[in-house]
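Student: I have a protein model open and would like to talk it through with you. Could we start with the whole chain and then go residue by residue?

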Amino acid sequence: MNKIIIMLVAFSYSVIGFSADLQREKELNIVSQYEPKELETYGFTLPVASKVSEVHQLAFDLQADFYFYRDKVKYVETANKIIKLDPNYPSAYLMKSFYVQDPEEYKQQVTYAYELSKKSFLKSERLMLRAEYALLVEEDYKKAQQYFKDVVDMYPDSAAAVWSLGMAYYYGGKLDKAYESYKKSTEIIPNLPKGYEFMSVILYTKKDFKQALEYLKKAQLYGANPKNDLYYSEYENLVYYKNGLYQETVDSINEAFTYGELYRNSERLNELYKLSREKLK
C-alpha cells in the first residue's frame, strides 16, 4: 500500500513538472512574436508580457537597475518610459513602486499592478503579481509562497522569481528556506548584490553578525549601495555597529546624511550615529 502511495506521489510530481514545462514553452512561443531579436536579459529570464517590442529590453533594463543598485533616478525614468509605451504592462507599475516610501501609496501601486495583471496574456506574470499582492498587501505569506513556487516551477532559472520566493519565505519566518532561495539566486547570477544582501540579512537575524558582515561586503562588491535605499543604509550600519566597526558606522552615516532629508530624519541612523560616537569616546 505504501509503495503504491509513493508511486502516485512521484507520478503527480512528474505531471506537475511536465505541465510547468509545457506552460513555459507556450509562453516563450507567444512572447517570441513581440520581443526584439537582440535582447539582453542579464540573467532575468521571466518573459515580458507586452506586445510593444521596445518594452522588452526596457523591462530587463529595469530589473537590472533594481537588482544591481543602479541609478535610482534612471530607474524611475525607465519605469515611466515603459508605462508610456505600454500602459497595460503590469510589472512596470509594480517595479516603479519599489522605491515608494509612503506605505499606503506603495500598496495602492501594487494593488493597481495586480488588478491590471488579471488581463495579462502570460500566466507567469499573473502568478508573479498575485504573489506580490499576497505578500505586500494581503500579507498572506503562505499564499505568496505558493504562487512564487508555481512561477519557479515554470522558470527555475529565473533569479528574480527565485529571489522573490526567498522574500515570501523571509516574511513568513522560514529563514532557512529564505536563505536557500537567496543563495540559489546568486548561483543563477553570481554577481547579484540583492542576493548576497539578503543572505546577510538572514545571518544577521540569526545573530551571526560576523558572517552577515562578510556577505554584506560581497553585496557591496557587486554594487549594493545606500544611496538607492534608506532601509539598506540602516541595515548596513546595523551590521557595522554589531561588529564593533564604530568609525565605519560614523563615516557611513555621515555620508548617508548627504543623500537628503529622508536619511537625516531616520531615527535608526541617528541612534546608531550617537551610539557609535559614544563608543569611540
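Student: What percentage of the 281 residues of the protein count as buried?

Tutor: In this predicted model, 48% of the 281 residues count as buried.

Student: And the secondary structure, how many helices and how many strands?

Tutor: The secondary structure of the protein comes to 15 helices and zero strands.

Student: What radius of gyration does the protein have, and what would a compact globule have?

Tutor: The protein has a radius of gyration of 20 Å, and because a compact globule with 281 residues would have one near 19 Å, the value agrees with that expectation. Along the principal axes, the C-alpha atoms fill a box of roughly 65 × 55 × 35 Å. As for the contacts between residues at least 6 apart in sequence, 53% of them join residues at least 24 apart.

Student: What about the surface, how much of it belongs to carbon and sulfur atoms?

Tutor: The accessible surface comes to about 14600 Å², and 53% of it belongs to carbon and sulfur atoms. On the charge side, the protein has 38 positive and 40 negative charges, and the mean positions of the two sets are 3 Å apart.

Student: Moving inside, how many residues does the largest nonpolar core have?

Tutor: That core has 88 residues, and those with the most contacts inside it are Phe-44, Ile-82, Tyr-89, Phe-148 and Tyr-182. Helix α8 supplies the largest share of this core, with nine residues. In soluble globular proteins, nonpolar side chains tend to be buried together.

Student: Take Phe-148 then, what is it in contact with beyond its neighbours within four places in sequence?

Tutor: With those neighbours left aside, Phe-148 is in contact with Met-128, Ala-131, Glu-132, Leu-135, Ser-164, Leu-165 and Ala-168. One of these partners, Ser-164, is placed in helix α8, which covers residues 159-171.

Student: Is Ser-164 buried or exposed?

Tutor: Ser-164 counts as buried because its relative accessibility is 4%, which is under the 20% cut-off. Apart from residues up to four places away in sequence, Ser-164 touches Tyr-67, Met-128, Glu-132 and Phe-148.

Student: Switching to Phe-198, where is it and what does it touch?

Tutor: Phe-198 is in helix α10, residues 193-205, and, not counting residues up to four places away in sequence, it touches Trp-163, Met-167 and Tyr-182. With a relative accessible area of 13%, Phe-198 is buried. Phe-198 and Phe-66 are 132 residues apart in sequence, and their C-alpha atoms are 14 Å apart in space.

Student: Which residue is 133 residues from Ala-20 in sequence, and how far apart are the two in space?

Tutor: That residue is Asp-153, and the distance from C-alpha to C-alpha is 6.0 Å. Ala-20 belongs to helix α1, residues 2-31, and is buried, with a relative accessible area of 7%. Once neighbours within four places in sequence are set aside, Ala-20 is in contact with Asp-153 and Met-154.

Student: What about an acidic side chain, is Asp-65 buried or exposed?

Tutor: Asp-65 is buried, with a relative accessible area of 0%, and is found in helix α2, residues 53-67. Leaving out neighbours within four places in sequence, Asp-65 is in contact with Arg-70, Lys-74, Tyr-75 and Thr-78. The C-alpha atoms of Asp-65 and Val-76, which are 11 residues apart along the chain, are separated by 9.6 Å.

Student: Now backbone angles: what phi does Tyr-69 have, and what about Glu-139?

Tutor: Tyr-69 has a positive phi of about 60° although it is not a glycine, and Glu-139 likewise has a positive phi of about 60° without being a glycine. Tyr-69 is in the loop between α2 and α3, whereas Glu-139 is found in the loop between α6 and α7. Tyr-69 counts as buried at 4% relative accessibility, while Glu-139 is partly exposed, with a relative accessible area of 45%.

Student: Last one, where does Leu-39 lie and what does it contact?

Tutor: Leu-39 lies in the loop between α1 and α2, and, leaving aside neighbours within four places in sequence, it is in contact with His-56, Gln-57 and Phe-60. Leu-39 is partly exposed, with a relative accessible area of 24%. The C-alpha atoms of Leu-39 and His-56 are separated by 7.8 Å, with the two residues 17 apart along the chain.

Notes: Residues numbered from 1 in each chain as written. Predicted model: local features only at pLDDT ≥ 70, side-chain atom pairs only at ≥ 80, totals over all residues. Heavy atoms only, no water. Helix = DSSP H or I, 4+ residues; strand = E, 2+ residues; numbered from the N terminus. Buried < 20%, exposed > 50% of the residue type's maximum accessible area, 1.4 Å probe, protein only. Contact = heavy atoms within 4.5 Å. Rg over C-alpha atoms; globule rule 2.2 N^0.38 Å. Areas by Shrake-Rupley, 256 points an atom, 1.4 Å probe, with all protein chains shown as cover. Lys, Arg positive; Asp, Glu negative; His and termini not counted. Charge placed at Lys NZ, Arg CZ, Asp CG, Glu CD. Core = buried A, V, L, I, M, F, W, Y, C linked by side-chain atoms within 4.5 Å.
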